[in-house]
Amino acid sequence: MPETTDANVAGSADVADQTDADRSGEPAGVARTSPVGRLAATVERLRREVRAAQAEADGRALIELAKGILVERLGCGPTQAARQLTELAEQAKVPQLQLAVEIINQAAHDRLSEVTSTFLAVATDRAPKDDAPAVRLRAAESGALAADDTQAVADSLLQHALTPLGAVAVAIWAADADGSLSLAGSAGFSAAEARRWRYVPPGVATMARRALSERTAQWAASLSGTGLPSIGHAAHPDGGRVAVPAGSGGRIHGVLEIAWPSALEPQPPQVVRQVEALAELCSHTLETHTLPGEGHDARGTDDVSELIDLVDGLHDPALVLVPHLDDQGRLADFRIRHVNGRFLDPAGRPRGTVHGALLLEAYPMVAGDSDLFQCIERVYATGEPFRARRMDLTALVDQVPLSAVADINVSRHGGTVLLIWRIEDETARLASLLQHAQRLGRIGGFEENLLTGEIIWNDTLFDLYGRSPSGAPVALEELPAHAHPDDAVAIGRFLRTVLHHRRPATAAFRLQRPDGVTRHIRMVAEPVLDADGRLFVVRGAYQDISAQHWTEVALAVTRDQLAHTEQQAHERNRLTLQLQHAIMPPTQAPLRAPGLEVAVRYRPAETEQLVGGDWYDAVVLPSGLVLLCVGDVAGHGIEAATSMVVLRNALRGLAVTGAGPGQLLSWLNIVAHHLTGGVTATAVCGIYDPRRRVLRWARAGHLPPVLVRDAEANPLPLLKGILLGAVPEATFEEDEVQLAVHDTLLMYTDGLIERRDRSVEVSLRQLLNAARTTSRTLDHQLDRLLTYSRSDTDDDTCIVGIQVA
């Protein structure tokens, strides 16, 4: 070490002696006269010698590095470089150590050299006047690179770089792939505190955990202000904290956390950059740090041969990705190291053109709306795996228009990333949905080739016939043998229409099964002609309408029994009301849904008709979503009631498929048009997600719901949607509404507002005015709307009210 450095050390020792004397309350000479004083002085002297030796070693390393730079730049030997360094220091009148640091900064041009000049201005006021801050910063770097463990790095950072900034403690956390943190090194915290915080399990929220998950530096004026626990929170609860991710090349190896004794004011950009540079310095040691329970090569091996063997055995398409860094060492992209045999390029390109290419070059739209590239970056940085169900991969390749939905799985294995995607087969999904709908509606399909005699049945049709799926299907010509004898005429007419007149036909008959059970069946069939107009295939479907039949029978019997006298008419009206309440109760028991209150009201028409066609439904689906709907079947009486029951039950069955309200109405339109005798109806269907407080809804020729929020009532936007059953196939527009706490949504049928003497728009404005009036409860609000309804059309009325709790 140069004499100037030794003088600095000696001067520091004199100051320390004076400080010890001041603390004892006695003059230095008096303090050393007692045995305890002499022992304390000896201990302090040995401590100063150790610190001086450490400073001398750090300074010598920096001076030797500067000499090496001069040897390379001047083309001279080590002796001439040492002489040149001494002469330059004398000419500049600065210590050799400070000049050595300046030479290193000029040669390095790294991030540490960038913050050194700003560190001078920030730390000079806090550091001793005879100590150079730039020397401290380079000494911290030298100590960190020379250290053989992370604990030594923490000691070096606190001693050389952080103490001049007023920090009192530092912790270096190593991150594992499961999101846990291990204390790799610390300085300034007690040994007991370090033992208590040696491991932070996954999911525990701390300052360091937040910095790791968000991949950004977390600055806090005081630790208590964050509400997060961390190491040393008992000693410095009101002290400032900063936690900075420590990583390089896009991968985060851990977190650098720094503690101040008191509240931390907002720091200038120069200090922020310095702390980030120190965190990057820590990543050098963390990269090779071994977590408990890991092997020596568990964190950074580049051998991907075993992973490639594993990927080749998968049944899903998979890519092995390795990071691609730019000239500054930053993560710029991922290179496709390997694709397995299951992989099919979405653009149809051979696998050879994808293998070895950069991910963003092969699939530029990965960085687009799907955010898939950001997910891969996050997994590589933190090690936490990413999984997503039904992720949208629309326009994965910009040259080819694609619309794909896939299950994504991204995980890190050493220095590589494994990407697995399973693109959903839309055709198979729709076929599965149709199969579920057929099962729930008890609809069996068939196809009979009249030329070859081949007959194809689905499983539901075998079940309707009471036959084993391994048995032989029944041909159309054999149908009379399996039906009730009284239905022979209807079946004969049906077969002549299809087979001879070659026109679509429908028939209702009683199917007699081998087990003695009789099922009421509605059968639909259509002929398929070849290019020459000859019949060669008949396709059709059976629907089990036994429940509907017995409903019709029960209603018909009730009507016949009460047809003659006034007493019978009175009894009929009473039974009518009972039937209406049984099918569609005026009120419904509270629906148990988290964060949601549901109330319903049903008021039948004040006529002598039997049951009407208005209906409602509010039910929690197996997925946790809530189905909310109201509808109005055209007409009254048995036909309207049975059609209402069919539509209501069909919608319930279809809703368990998880489809959206627009798709549900499309399916319900098919049911109304083909399977209920050409019924027409209006409806509003909504799927409410209690977790997100989001309502997805669609309408079919029905009035839109009314949203009541903050004493304001407004109808939702009028979406496109034709009434049910009007056309064979229809699509329905769908929208989402974000609800808030205390919001109320009203779904209703037109019987609530329709009048003969005014337009619907005027009646709707009166409803909105009535809905704005606040009520004590949701039930009270619905009762008030029914009480003050000005409708005069004697139509049924349904109201469904939902209120976000």
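Helices (H or I, at least four residues) and strands (E, at least two) are DSSP runs, numbered from the N terminus. The model is predicted: local features need pLDDT of at least 70, side-chain atom pairs count only at pLDDT 80 or more, and totals for chains, interfaces and linings use all residues. Residues are numbered from 1 along each chain as its sequence is written, and side-chain values use heavy atoms, leaving out hydrogens and water.

**View 1. Arginine 693 sits in the loop between β20 and β21.** Its phi is near 55°, a positive value in a residue other than glycine. At 34% relative accessibility, arginine 693 counts as partly exposed. The classes are set by relative accessible area: buried is under 20%, exposed is over 50%, and partly exposed is in between (1.4 Å probe, protein chains only).

**View 2. Arginine 215 occupies the loop between α10 (207-214) and β4 (218-220).** This residue is not a glycine, yet its phi is positive, about 60°. Arginine 215 has a relative accessible area of 33%, so it is partly exposed.

**View 3. Five strands make an open sheet in the order β18-β19-β20-β21-β24.** The pairing is antiparallel. β18 (612-620) and β24 (735-738) are the edge strands; each has a single partner strand, so one side of each lacks a neighbour in the sheet. From one strand to the next, the twist averages 15°. Two strands pair if DSSP finds at least two bridges between them. β18 and β19 (residues 626-636) run antiparallel and are joined by eight bridges. Alanine 618 has leucine 628, in β19, as its bridge partner.

**View 4. Helix α23 (residues 661-674) lies across β20 (681-689) and β21 (694-700).** The helix runs at about 30° to β21. Axes are lines fitted to C-alpha atoms, for helices over the stretch in contact; angles run from 0 to 180 degrees between N-to-C directions. Contact means heavy atoms within 4.5 Å.

**View 5. Another open sheet holds five strands in the order β13-β12-β16-β15-β14.** Its pairing is antiparallel. At the edges stand β13 (455-457) and β14 (505-512), each with a single partner strand, so one side of each has no neighbour in the sheet. The twist averages 20° from one strand to the next. Nine bridges pair β15 (residues 518-529) with β16 (residues 535-544) in the antiparallel sense. Methionine 523 stands opposite tyrosine 542 in β16.

**View 6. Helices α19 and α20 lie across strands of the sheet in View 5.** α19 (residues 488-500) crosses β14, β15 and β16, at about 140° to β14. α20 crosses β15 and β16, at about 120° to β15. The expected span of a helix is 1.5 Å times one less than its number of residues. For the 16 residues of α20 (residues 546-561) that gives 22 Å, and the end C-alpha atoms are 22 Å apart, which agrees. Ser546, Gln548, Leu555 and Thr558 of α20 are buried.

**View 7. Cysteine 282 and cysteine 798 are both buried.** The relative accessibility of cysteine 282 is 1%. For cysteine 798 the value is 0%. A search of the whole structure finds zero disulfides, a disulfide being a pair of cysteine sulfur atoms within 2.5 Å.

**View 8. The protein chain has 25 helices and 26 strands.** Of its 805 residues, 46% count as buried. Among contacts between residues at least 6 apart in sequence, 59% join residues at least 24 apart.
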